[in-house]
Structure formats: C-alpha cells, structure tokens
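Visitor: I would like to learn how to read a model of this kind, one feature at a time. Could you take me through it slowly?

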Amino acid sequence: MSILAVQSASPEPVEMPTSSAGRAHRMGVGAWIALGILVFFMLVALLGPLLISTDPASISLMDSFGPPQPGHPLGFDGQGRDLLARLVYGARSSMLGPILVVLISTVLGGTIALSAAWIGGAYDAVVARVIDALFAFPGLLLAILAVSLVGPGLLAASIALSIGYTPYVARIIRSAALQERSLPYVSALTVQGLGGTSIVLRHILPNVSGIIVAAATLSYGYALIDLAALSFIGLGVQPPASDWGVMVADGVPGLLQGYPQESLYASACIVLVVGAVNFLGDRLTETAEGGR
Amino acid sequence: MSLGRFLLGRLIALVVTLLLASLAVYGALYLAPGTPLSFLTRGRTVTPEELAAIKAQYHLDEGFLSQYGHWVAGVLHGDFGTSILGKAPVLSLLGGRAFNTFMLVAFASIIILIIGLTVGITAGLKRGWVDRTLMVGATGAMAVPAFVAAIVLVLIFAVNLHWFPVFGAGDSLGDRLYHLVLPGIALALASVAYVARLTRAAVRTEADSDHVQTAVSRGLPRGAVISRHVLRNAMIPIVTVAGLTIGSLIAGAVVIEQVFQLNGLGSYLVQAVGQKDFPVVQAIVLILVAVFIVLNTVVDVLYAVLDPRISAGRQSA
Amino acid sequence: MSALLEVDGLTVTLPVAGLQQPVLRDISFTLGQGEALGLVGESGSGKSMTARAIGRLLPPGAQCEGRISFDGDSVLELDGAGLRTYRTHGVAMIFQDPRASINPVRRVGDFLTEALVTNEGVKQDDANTRAAELLDAVGIDDPRRRMRQYPHQLSGGMLQRVMIAAALLINPRLILADEPTTALDVTTQAEVMAILDTLRRERGVSMLFITHDLELAAAVCDRTAVMYAGLLMEEQRSLKLDSDPLHPYTAALVQARPDISVTHERLLAIPGRPLSAFEAPPGCAFGPRCPHAEPACAQAVPPLLDVDTGRSRCRRLPELRGTMGAKSAGAGNG
C-alpha cells in the first residue's frame, strides 16, 4: 500500500514558502543596480555624442593634463582634449562593438548546438568533439590574426572574435538543448507527429532561451574586454578616434608623469560595465538553471 | 573503454586538431585581400630576388595543398620560414622570446593555482561571511581586464611606491622574477578570481553531496572527509577549469607583454602585425595555438585519470 | 526489553525564508535493543528528518529541542570525540539512493573498509577480509573482484547490498535505514529488504526503518509509527495496523491501498494533499482531510495518548475505534 497511491484530490498549485522569495528580493536589488549601470552606459553610447557639444578631438596643448573646469568636468588629457567628451565618444565603439560579437556568436553557436542536439548521432558526436577541442580557445588570438590579414580595425576583429566565441556559446546551448530534448514532452510531441524543425523552434528553443540569454550576456562582457584589449595594444580602434581601450593606452605616458586620470577614467568605465554585465549574467544563469 | 584506448583516441584527436589548426593558420593567407604574393609584400618595395625568395618559400607556384604540405613539413623540421623584415629564419627570432613568454605564463599559473585554489577551497568550506567576502572580491576581480590591472598595479607599486620596476624584463634570474611580479599578478588576477569561483562551486557541490553525508555519518574525521571525499572529487572539475584558464593566459600574455615591454612572443606578434611580417605572425599564432591544443589534451587526460567513470567501464555523460 | 534509543519531545525547526519553521513537532518514541521500529509517512511528513536528527545529520541552521538518548548518552549534546564514537560504533545509516550515497571515484573496497581502517585502525588486509565476508553474506558473488571495481560498475541493487555490508561492518547497535529500497526496482526491493532484515536479526541490531510503504514496514518491523505533518499520529504493534488502526489517517492509508483481490470501481484516495509541518492548521494536522473531523478537532493539536495497544493522536479515538478498520466504512472517496 504505497502512499504514492494516495492521490492528491486538490491539484491546484501550492505556494511553498521556500527561501527563494527572500533570495529573489536580495538579488533583485543587485540586478537592478547592474541593469541601471548598463542602461546608463548604453544611453551614453547611443545618445551621448548628440548631447555633448565639446569636440573630443579638439587639441589644445595649453590645457595639457589640465584640471576640471567649467564645461570640462573631468579635465583634459595630455594633448589637452576634453576627457569627458573622449569617454562619451569612446563609449560608442567600446559598448556597441561587442554587440556584433554577441549576435554572430550566439546565432552561429545556437544554430550549431540546436541542430546537433536534435539530429544527434555522428553529426552531434563530431560537433561535440570540435567544440571541445576549440572550447575556450583565446578569441583574441584569432582577432589578432584577422587584423594581420585586413589591417587594424574592429570589424574584422569582431568577426574573428565571434568565431572564437562560437564554441563557448555552442557548448552551453548544446548541453541545455540535450537535457531539454531528453524530457518526455519532446517524445510526446514527436509521437503527435510534429516535425523536428517545429519542435526545435517552438518548444526546445523557447525553453533554453534563458540559458542562451545568460550565455550571450556573459560573452558580451568577455567581448568588451577583448575588443578593448585589441584597441589597447593598437590593433583595434585607431587614434585619434576615441575608445576606452585606446584611452587606457593613451593615458600611460601621463600615468608615469603623475597624471593617471585618462587611464583610470577609461579603466573605471570598462570595469563598471563588465562588472555589471558579469553580475547580470551570473543571475541570469542561476535563474535559468534554477528553472530547469 | 580502457585507459589505453582512451589515450589513443585523445592522441589521434590531438593530431587531427593540430592539423586542422595549422591548415586554418596557413589558409588565412588566402583570406587576405589581394593575392598571397601581393599580401606578403604589401607596403614594401621588393627586389626581384626577394620576390623570388618569397615565392620559393611559400611555393606559390604550386597548388594550395602542396604549398600547405611544404609548409607543414618545414614546420615539423623547425623551419617556420624567413622573416620578411628581419631577413632571418623565424625560428631563430622566436627562441628567447618564447622563453620570456613561458616565464610569464608559468609565473601567472603558479599564482592562479596557489591563490585561486586556496581562496576557492576556503570559501567552499567556510560558509557565512568569509565565503561572501571572498566571492564578492572574486566577482569584482573578474571584471578587471589584464591591461587595466596592469596599469593600476604600475600606478600604485611602480610609480607611487617604487617597489617594482615599471618596464623591462630584467637580467639575472632573480632580477627577471622580480620584473615578473607585476606582470604576473596583472595577468593572473581575473583568472585567480575565475578559478576561485569555480573551485568554490565544485567544493560546495561535493560538500553538499549525498556521498559526503555518508562519509560524515560513518564518523570519519573531518580532515579525512574533506581530503578524501570533498577535495578528491571536486578536483575533477577544478583541473579542467584551471587547465583551460591557463590556456587562456596565452592570449592575455600578448597584452601584458605589450604593457610591460617584456619582449616575448606576444609583443613580437603585435609588432609583426604592425610591420606586416606575415611569416612571423603565422609562426607565433601556430605555436600559441598548438600549445593551447596540447594543454587541452593534457587536461582531458588528467580528467580521465582523476575520474574512473570516464576511463574505466561504462561511459557516462 | 531495555530501551536503546529514546526520543523524547523532539522538535526540529529549519530556517525557511528567514524564519525558523517547524519540521518535527514533539516526537517521542523508544526503541529496544534488537527491536525494529517502522516510521511511515508521506514525503514531507518528517520521517527522514527524524532519522537525520538521530544520526546528527540535520541541515545547517536546524534547531533542536527535546532529547535523544542513545544507550544513556544524550545524542544532541555529543560533539568531537563523543560524536565520532557514536557514529563509529553506535549507529550506521543506510540511505535511499546508493548510487548517490557512495563516492563514485573511489573503489567499492575503499568505501567498505574506510571506516574500519580510519576510525579503528584495522589493518587494510584484515579489513578487506572482513568486508569480503560480509559482501558474501549480503549475496554478492566474487566479492574480491567487486571490491576492486568502481561504484558505476555495479547495479543499484548490488550497491545497496554494499551499503548494507558497510553498515554492518562496524557492528553498529542501531541501523537507521532511510527508505533503503525505494530507489531499487521492484524485484530487487524484496531481496535487499530480506537480506537487511535477516542479517539485522541474526546480529541483534536495532533498526529504525523509514518508509512510505505501510505494508513493508508492517512486514519488517515489530512496531510501526505513522507520521503526518511533523507529528507522530499513532504507534502500535505492526500486526494491528490493518485491523485496528488507531488514527483516521492510518485508516485512510490502509483504505488507499489497491487490493488486487477485490475489484474496486475506482481507487480510494485521501482527499486533499499532504501537508508539511509548517503548513499545518492550528488543530489536528490531518483535520482538513479527515472524514471524521468536527469543529473541536481544529481547536488544538490533540495530545499523543496512550491506548491499550499503542498511542494515538486522535481525540475522537474512543468513539471511532473499531469503525475505521479495513473492512469498515470508507474514509471518503475523494
């Protein structure tokens, strides 16, 4: 007489007072702050240049390393360029460049992962081996190789970086899709005669979308770092155009002379955005995995 | 699947991956705008003799596979071609630089293993404020790119405190290590944080697992439970993560060498890209990729040695 | 029969959403040397938590009140060497899922002998011999070969035998068996249960047997206690559960059993759903699902009263007794 035979006569869902409510509240605050930082910098990147009248490229050697003054709240760099204007214009390439990387690697990685998880067999085995072999391969190296082929700049580097990130994204999505695929409802849909493509697109994809968003968020942070690093070593955005990575590098001579502002401000922007993105990505991962 | 067969499989996969990677690195020449010849000589006036030399070096008169075959055969004999700019065999230009890079990566790896594992294990075993403090610190450190860490370290410890030199590689062995302190920490910082976080997660997962509860219920001393059950099992994912992280240092080293003017493979790579010296770029990228792939295989093998479920008996997911 | 284990007024609370919520309320029972007591209940009833409290394996943040006494020692106050001695020689636990409860990366032999070698300093060779003998006793062929294998190379049933052998190897006085056969398939369940039961009786080891299966508990244990929402609802000799249940909840469990000798139009179910201790209403926890409940039942938690054949927490027992048995009127048909 197993108690499992004791059926529940009231099937309505029950609110269980677990600790998740309290935790959701706590992580809510941090996530809101992180989201606020991200939105703020995105707005700066998109709208800032329209709102700021100072020319980020205007050189005035009189103001070299000049302190803040009215109209120039952050002061000047070694060439007397306005630091705030440089940061705001630099936000464009620094913030928007990584989006391209995320889009390409997610679409590419997602397609590979979902098709491998669905088709299975030898195809999946090969995909899994290739992903494993290339997993965590330094995308920065691919980007440098690409730059050596087509010259400095972010476009080719971003595309190369995307290819470098694809195995990382594909690996995460594949394992989530495989888990999802093994659930009974998928077999039920197959038995009902639904085609593979529509099961994958209408059922599996929506159910792994949380994981995909989390992986995309985290790879945005990595891409921002890698592209900034590329600009920092002089292979990405080319001076005099502004970019946070370029600014960190440009500021080094000043830093050695006791004027570290330019490097530090640009560094702070990078760390703030990446920190916020990582925090959000972690929470999204937890939520997506917790919901599985 | 026995361990022997597993190793053989991994070895074959290693060779295949290396071949594919070298094909990609070589084939990149054909992705460049223009013909390979015009690409290799771009931005320079070259004498007919030099042109002929480049053609001969790359076997540009032959088909692609034949060119690639010649190149791979050369690489296997240690012949990476001739630097277009330095007019010297590439290999001779790499030796000392490779050692500098190796020192940097090794130094950073030691920092990562010692500090990352210590922090991760401590946080994993000590719940409460110790854990929370360490993890907040690690999460913050993960957001700091190596080059940012580098300039902040230089500002604090070289410019302001004068404890360490700003640039350079040093001469004697001791001096070299001294010169590696700031670059090593800068290169390691984010990875220390990453390894610490994953170590903590792995330790926590094992500490909360049923089999550890069994061990506790049997009255085993805490030390034995931790070393034989918690850490022994957590080691499996930790080895993977630490190995992959050390692999990713290869790219980070490029940036760090640039900041600290360490004259390693990375800074030479950046210089060669700037000078359009493609044979050098090819050689360095290939070497770094190969090191990465070999490291990956070593990690795979270690994983199998540590986890009997992979190497012996039934396969598991 | 002198009591080996005495649990008296055990109340356990766990932190849930920042508040200490009760999971066990005022649990009291005794277990004699060599005796087996079944602890039956649905998931969430607190039966596993009771075993964990006795094994001192409560999750972090748990708070206990009351007394657990083992051979005169106060279990809840043990620490350091005392706690280790208690676990080394006093109790052994057998868990529900042997595959999860045995370290997957160490050999079966290591698992079996680890406690002997580490805690008692037995030589590895001697420990191996003793382990092999016990593996033989629990019905594992070629024990020496099995001891060199890893857990994933053994079936679930074999692993649970290994678990039983490991528990008996330390010559414990009490075995806490937490649903030891639930994770096994049906044919293996009976064999493993029989082995555990036989070896325990032979060696005179007491057992607290946790299960959701009233019938299995009745078959293996001298006495059975039924738990609901963190409370002990009744306790009596196993043989009488069926014919003379002392609580409407037990009666409902008996009714809910599908009887293959009778063709029912539909299976009887207990209306409502099982509650956790912290969800329980102020009065009798089973009140909302009880066909015999009256307004007075919801006033206060009824005390656990001694009856001639056992104990019961039903305040209407005197009037209901004899009408709740298996052959009597149904407990409602949901």
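Visitor: Let me start with a single residue: does C:P303 count as buried or exposed, and why?

Guide: The general idea is to count neighbours: a residue is buried if 20 or more other C-beta atoms lie within 10 Å of its own, exposed if 12 or fewer, and partly exposed in between, with C-beta atoms placed from the backbone. C:P303 has 11 C-beta neighbours inside 10 Å, so it counts as exposed. C:P303 sits in the loop between α10 (248-256) and β11 (305-306) of chain C, and its C-alpha atom is separated by 9.5 Å from that of C:M233, 70 residues apart along the chain.

Visitor: How should I treat the numbering and the origin of these coordinates?

Guide: This is a predicted model, in which local features need pLDDT of at least 70 and side-chain atom pairs count only at pLDDT 80 or more, while totals for chains, interfaces and linings use all residues. Residues are numbered from 1 along each chain as its sequence is written, and chains are lettered from A and ligands numbered from 1 in the order in which they are written.

Visitor: Which elements of chain C have the lowest and the highest mean pLDDT?

Guide: pLDDT is the predictor's confidence in each residue, from 0 to 100. Helix α11 (residues 317-320) of chain C has the lowest mean, 77, and strand β8 (residues 206-211) of chain C the highest, 92; here helices (H or I, at least four residues) and strands (E, at least two) are DSSP runs, numbered from the N terminus. For chain C the mean pLDDT is 84, and 93% of its residues reach 70 or more, but over residues 327-334 of chain C the pLDDT is below 50. Where pLDDT is low, the predicted coordinates should not be read in detail. The model scores ipTM 0.84 and pTM 0.83.

Visitor: What is the secondary structure of chain A, and how does helix α5 of chain A look in detail?

Guide: Chain A comes to 10 helices and 0 strands, and buried residues make up 46% of its 292 residues. The expected span of a helix is 1.5 Å times one less than its number of residues, so the 28 residues of helix α5 (residues 154-181) of chain A should span 40 Å, which agrees with the 38 Å between its end C-alpha atoms. The bend at a residue is the angle between axes fitted to the seven residues ending there and the seven starting there; α5(A) bends by about 35 degrees at A:Y165, and a proline, A:P167, follows within four residues. Because 21 of its 28 residues are buried, α5(A) is largely enclosed by the rest of the structure.

Visitor: How many residues of chain A are in contact with chain B?

Guide: Two residues are in contact if their C-beta atoms, placed from the backbone, lie within 7 Å. By that test, 33 residues of chain A are in contact with 38 residues of chain B. The chain A side divides into 27 nonpolar, 5 polar and 1 charged, where Ala, Val, Leu, Ile, Met, Phe, Trp, Tyr, Cys and Pro count as nonpolar, Asp, Glu, Lys and Arg as charged, and the others, Gly among them, as polar.

Visitor: Which residues does C:L208 contact, leaving aside its neighbours within four places in sequence?

Guide: C:L208 is then in contact with C:L31, C:L37, C:L39, C:A51, C:I54, C:L174 and C:L176.
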